Structures are given as structure tokens and as C-alpha cells.
Amino acid sequence: MTDRPAPPAIDAAAVRQEMGRERALRLLRQMLLVRRFEERAGQAYEAKKIAGFLHLYIGQEAVATGWLDHLTPGRDFAVTSYRCHAQALLLGLPARELMAELFGKVSGNVRGKGGSMHFFSKEKGLLGGHGIVGGQIPVGTGGAFTAKYLGTGGVSLSFFGDGATPQGTFHESLNMANLWKLPAIYIIENNQYGMGTACHRSNAVQDLAQLKAPGYGMPSFTFDGLDLYASWKTAQQAIAVARAGQPVLVEAKTYRYRGHSVSDAGLYRTKEEVDRYKALDPIERVRADLLACGWLDQAASDAMEDEVMQEVRDAVAFSEESPEPPMSELTRHVYAEV
Ligand SMILES: Cc1ncc(C[n+]2csc(CCOP(=O)(O)OP(=O)(O)O)c2C)c(N)n1
Ligand SMILES: [Mg+2]
């Protein structure tokens with residue numbers, strides 16, 4: 001049983017006001033799309049429509065949603081782990097193309113060759129989902145180097161888990177980023193577990209950003225990853241620092257409701273612990289807040305649900321109907337075609 005150290009409190013009403021109604025509703029819709037897309041993907045996996053691994057982001061939606069809202073696709077970069085469905089959807093890749101990739105179809109995001117862990121989009125600045133723990137951190141650092149070298153004004157967001165911070169790639173990247181003053185943002189999504197190992201059993205300190213950033217002379221930010229307003233506000237502040245040429249280390253105190261991947265018996269934590277965090281559901285919290293402040297009513301909330309479900313159903317139908325990759329695909333896109 002683990003307890004999440006308390007992140008700093010924020011003034012939710014003030015952040016909501018700054019965000020404005022239209023944006024708040026859009027972000028709620030985006031979080032819902034991520035949740036429903038993954039719930040449906042989980043069902044398709046159970047039905048053996050999806051092969052390989054499937055790592056769901058359910059519970060963590062407020063983190064990527066709050067951060068990616070501040071990016072300009074085409075100028076900024078984002079990179080993440082194998083838990084990459086949310087980032088791809090939030091950067092604007094169509095649900096159809098992503099679901100079809102999970103189904104291994106030729107109409108998928110990387111033509112059925114990557115599956116769940118390897119979404120990618122040059123146009124959107126998504127430098128990939130990555131299966132090697134911590135492997136994406138140097139890639140994100142490279143994105144920041146590119147932005148600085150080309151003088152684009154862009155920033156590069158590297159998302160990774162608590163289990164990646166003991167890796168060498170993390171330490172080498174942070175050292176280089178601050179030495180070269182790269183516009184890099186490193187976001188630890190501390191969901192408290194790396195597979196079945198609790199964070200306190202793999203990390204010597206628990207406030208991961210606050211205590212690891214000083215080792216590289218970097219500023220740090222910590223926020224409640226189950227709170228969209230905290231996520232969005234921290235992102236706004238941290239990205240401004242990075243755009244000005246000072247890399248930062250950030251920790252989201254979050255939680256995953258599902259197993260590490262869909263095949264996880266969950267023997268390392270209790271049902272009571274999971275239920276305690278489910279009571280803090282980031283989507284339901286925002287929805288309740290928007291209903292309470294009058295920016296949303298029940299009919300509009302129901303309509304939003306219906307619309308999102310329709311988008312997900314359409315993505316599944318498209319995936320079912322799409323063809324398998326033909327044999328001729330086998331050797332295409334393996335090397336760059338120049
Ligand atoms: C270098 C490496 N070591 C081990 C693994 C096996 N592995 C896959 S996910 C994972 C746990 C990572 O946990 P964390 O970084 O906290 O991310 P989370 O899954 O919680 O999002 C491990 C050990 C791997 N993929 N790569
Ligand atoms: Mg983790």
C-alpha cells in the first residue's frame with residue numbers, strides 16, 4: 001500500500017477562469033475521448049482483435065491533456081513511452097488511424113507495423129511511443145536540441161514513468177540539457193508503480209522532481225496529476241521557462257487505474273487503494289466542476305458522451321473493415337527511402 005505525497009494546492013476556480021469556458025469544455029471532451037478510446041481498445045484486446053501488448057493510460061488523462069494543450073504541432077515536440085495512445089489523440093491524430101494501428105491494419109498510423117507502443121507523427125511533432133524504458137528521454141533531448149539549433153522557438157516534452165528515473169538515459173539527458181540550455185521539459189508521470197514494483201522500492205527518494213532536479217542545477221515543478229487545472233497551469237508556467245532556454249524537470253503525482261498492461265493480475269496493490277484513487281477520477285472531477293459552475297449542463301454532458309462514443313465506434317468499424325497489410329509491405333519503410 002502506498003500513499004501519494006501531497007502535491008501543492010492550486011486555486012482551481014482561478015485557473016478555470018483563465019482557461020475559459022470553450023477551452024475547459026474542449027479539454028473535458030479530449031479526456032473523455034482518450035478514456036473511451038482506451039476502454040474500447042481494452043475490450044477489443046480481450047476479444048483478441050488486438051495482438052501484442054496494450055498499456056492503458058486510464059487514470060492519467062489529465063497529465064497529457066493539460067500539457068499538450070500548450071503545444072503548437074509542427075513547432076514543438078512530444079515523446080513518450082509505450083503508454084502512448086493519449087498523446088497521439090491529443091496531438092490530433094485521428095482515432096480511426098490509431099485504432100486501426102492497434103488492430104494491425106494497413107490503414108493504421110504506421111501501416112500496422114508498430115502496434116500499440118509505436119505511434120508516430122512527424123507532422124504533429126510526436127517523436128514516438130517507445131518500448132524501452134527511458135529510451136525516449138534522449139530522443140526528447142534531441143528534439144530540444146533541434147529546436148535550439150534551428151532557432152524555431154519550439155520546446156520538447158519528454159514524458160516518462162517513475163520507473164525510468166533510475167535509468168542512465170535520464171541522468172545523461174538532464175546533464176546535457178542544462179549544460180547546453182536546451183528548451184527541454186522532462187515530465188515524470190509518477191503513477192507509483194513500474195510494472196508491479198512500487199516507486200518507493202525502486203527510487204531512493206520519493207519527491208522525484210524536487211529532489212533530482214538540483215543534481216543538474218535545474219528548476220522543478222510538482223503537481224497533482226489527477227487534477228486537470230493543476231496540470232494545465234503547471235504546464236503553462238514550466239513551458240514558459242523552457243521556451244526561454246532553461247530546461248525543467250516536472251513530476252505529476254498520478255495513478256493508473258488499470259494494470260501495467262492488460263495482462264496484469266494486480267497482486268501488488270489492494271482493491272481499496274485503487275478505489276481510493278478512483279474516487280479522485282480526473283475526468284469526473286472536471287465534469288462535476290463544470291456542471292457546478294454552470295459552464296456545462298446535464299444535456300450537454302450527455303451529448304458530449306454520445307459524440308465521443310460515436311467517434312470511437314466509427315474508429316472500431318473502420319479498423320474492422322480495413323485490410324491486413326499485404327506481403328509487399330514487409331520490406332517497405334524498414335529503411336528510409338531516399
Ligand atoms: C530498459 C527496459 N527495462 C525493462 C523493461 C520492462 N519494462 C517495461 S515497462 C516497465 C516499467 C516501467 O515503469 P514506469 O517507468 O513507471 O512507467 P509506467 O509503466 O508506470 O507508465 C518495465 C520494467 C523495458 N521495457 N525496458
Ligand atoms: Mg510508473
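In this predicted model, the protein carries 36 positive and 39 negative side chains. The centres of the two sets lie 3 Å apart. The structure holds 24 salt bridges, and five of the charged residues, R36, E39, E284, R287 and E305, are linked in a network of such bridges.

**Salt bridges**

Three of the pairs are set out below.

| Pair | Distance, N to O |
|---|---|
| E39 and R36 | 3.0 Å |
| R287 and E305 | 3.0 Å |
| E329 and R332 | 3.5 Å |

The R287 and E305 pair links distant parts of the chain. R287 is in helix α12, residues 282-292, while E305 is in helix α13, residues 298-321. The two positions are 18 residues apart, and both residues are buried.

The bridge between E39 and R36 is formed within one helix, α2, which covers residues 21-46. Because E39 and R36 are three residues apart in α2, about one helical turn separates them. An α-helix has 3.6 residues a turn, so residues three or four places apart point the same way. The two partners fall into separate accessibility classes: E39 has 25% relative accessibility and counts as partly exposed, whereas R36, at 15%, counts as buried. The cut-off for buried is under 20% relative accessible area, so the value of 15% places R36 in that class.

In the remaining pair of the table, the side chain of E329 meets that of R332. E329 counts as buried because its relative accessibility is 4%. R332 has 35% and therefore counts as partly exposed.

**Overall dimensions and fold content**

The protein has 13 helices and seven strands. For its 338 residues, a compact globule would have a radius of gyration near 20 Å; the protein has 19 Å, which agrees with that expectation. The C-alpha trace spans about 55 × 50 × 40 Å along the principal axes.

Of the 338 residues, 53% count as buried. The exposed surface of the protein is about 14500 Å², and carbon and sulfur atoms supply 56% of this area. When contacts between residues at least 6 apart in sequence are considered, 77% of them join residues at least 24 apart.

**Helix α3 and strand β6**

Helix α3 covers residues 61-68. Eight of its eight residues are buried, so α3 is largely enclosed by the rest of the structure. These residues are E61, A62, V63, A64, T65, G66, W67 and L68.

One of them, G66, can be related to F221 by a C-alpha separation of 14 Å, with their positions 155 residues apart along the chain. F221 is found in strand β6, residues 220-224, and is buried, with a relative accessible area of 17%. Which residues does F221 touch, leaving out those up to four places away in sequence? Its contacts are A209, T234, Q237, A238, V241, V248, L249, V250 and E251.

**Backbone and exposed positions**

Two residues that are not glycine have a positive phi. For K48 the angle is about 65°. K48 is placed in the loop between α2 and α3 and counts as exposed at 74% relative accessibility. For M195 phi is about 50°. M195 is in the loop between β4, residues 193-194, and β5, residues 197-198. At 54% relative accessibility, M195 counts as exposed; the cut-off for that class is over 50%.

A9 is placed in the segment before α1, which covers residues 12-19. A9 is exposed, with a relative accessible area of 79%. From A9 to Y57 the C-alpha to C-alpha distance is 24 Å, and the two residues are 48 apart in sequence.

Methods
Residues numbered from 1 in each chain as written. Chains lettered and ligands numbered in written order. Predicted model: local features only at pLDDT ≥ 70, side-chain atom pairs only at ≥ 80, totals over all residues. Heavy atoms only, no water. Helix = DSSP H or I, 4+ residues; strand = E, 2+ residues; numbered from the N terminus. Rg over C-alpha atoms; globule rule 2.2 N^0.38 Å. Buried < 20%, exposed > 50% of the residue type's maximum accessible area, 1.4 Å probe, protein only. Contact = heavy atoms within 4.5 Å. Areas by Shrake-Rupley, 256 points an atom, 1.4 Å probe, with all protein chains shown as cover. Lys, Arg positive; Asp, Glu negative; His and termini not counted. Charge placed at Lys NZ, Arg CZ, Asp CG, Glu CD. Salt bridge = Lys/Arg side-chain N within 4 Å of Asp/Glu carboxyl O.
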